Amino acid sequence: MTDFVAVGKISGPVGIKGEVKIVPWSESTERFSSLKSVWIGSDPKNPREVVVEAVHDRGRQIVMKFGGIDNRTAAEELREKLVLVPDREVVPPREGSFFIDDVLGMNVVTEDGKSVGVVREILRLPSNDLWQIESGARTISIPAVKEFIRSVDLGTRTVVIHEIEGLLDL
């Protein structure tokens, strides 16, 4: 059985011919242009394979056309689905970087061990990523920069952050 890794998320349709916008979950968008097929699904456990017919790299956004998705209605049905590749095809992130898929769901604690919450979403912004931490009934936004993110331990699934005054306040 093949394991899959999410490399992006479909944000919605483009135009009327079945193309979709993809928010890449990797630093390098060039990798998308070499894909012949990808797997689409709500989670990596039960995706379906689709043929990639066309790729347009628009920097922090990719537009793709898949075989069998030929109109806006079909493309709309793919909104919020993950774009996956087999783990053997994954391009490893550079030192100090992580796959979004790996960070989602990690527990977040401060340097002194205080529990903050769980990483629920990562927003890709032009200057840096913004990690959305679910903390009870509220969401805390932490910039993904070394000043705040001290360590990410994939083994224990823990992120340690540096807390500055006001960072965790409402």
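**A friendly note on this predicted model**

1. Let's begin at a loop residue. Arg157 is partly exposed, since its relative accessible area is 33%. This residue belongs to the loop that runs between β11 (149–153) and β12 (158–161). Its backbone deserves a look too: Arg157 is not a glycine, although its phi is positive, at about 55 degrees. Please keep in mind while reading that this is a predicted model.

2. A second residue can be read alongside that one. Glu80 also has a positive phi, of about 75 degrees, and is not a glycine. You will find Glu80 in the loop between α1 (72–76) and β6. With a relative accessible area of 47%, Glu80 is partly exposed, because that value falls between the 20% limit for buried and the 50% limit for exposed.

3. Now for the barrel. In which order do the strands close into a barrel? Going round, the order is β1-β2-β5-β4-β3-β6, with 6 strands taking part and antiparallel pairing. From one strand to the next, the twist averages 50 degrees. As general background, strands of a sheet pair through backbone hydrogen bonds, in either a parallel or an antiparallel way.

4. One pairing in the barrel is worth tracing by eye. Strand β1 (residues 4–14) runs antiparallel to strand β6 (residues 82–86), and 5 bridges join the two. To find your place along this pairing, look for Ala6, which stands opposite Leu84 in β6.

5. Strand β1 also brings us to the aromatic residues. How many aromatic pairs does the structure hold? There is 1. Its members are Phe4 and Trp39, whose ring centres are 5.3 Å apart; their planes meet at 45 degrees, so the pair counts as tilted. Phe4 sits in strand β1 and Trp39 in strand β3 (residues 37–41), so the pair ties together parts 35 residues apart in sequence. Phe4 counts as buried, at 17% relative accessibility, and Trp39 is buried as well, at 14%.

6. Finally, a lysine to look up. Is Lys65 buried or exposed? Lys65 is buried, because its relative accessible area of 10% is under the 20% limit. This lysine lies in strand β5 (residues 62–66), one of the strands of the barrel. Its side chain makes a polar contact with the side chain of Asp70, at 2.9 Å. Leaving aside residues up to four places away in sequence, Lys65 touches several others, among them Lys17, Gly18, Glu19, Val51 and Glu53.

Definitions and conventions: Residues numbered from 1 in each chain as written. Predicted model: local features only at pLDDT ≥ 70, side-chain atom pairs only at ≥ 80, totals over all residues. Heavy atoms only, no water. Pairing = 2+ DSSP bridges. Helix = DSSP H or I, 4+ residues; strand = E, 2+ residues; numbered from the N terminus. Axes fitted to C-alpha atoms, helices over the stretch in contact; angles between N-to-C directions. Buried < 20%, exposed > 50% of the residue type's maximum accessible area, 1.4 Å probe, protein only. Polar contact = N/O pair within 3.5 Å; in protein donor to acceptor, adjacent residues only side chain to side chain. Contact = heavy atoms within 4.5 Å. Phe/Tyr/Trp six-rings, centres within 6.5 Å; stacked < 30°, edge-to-face > 60°.
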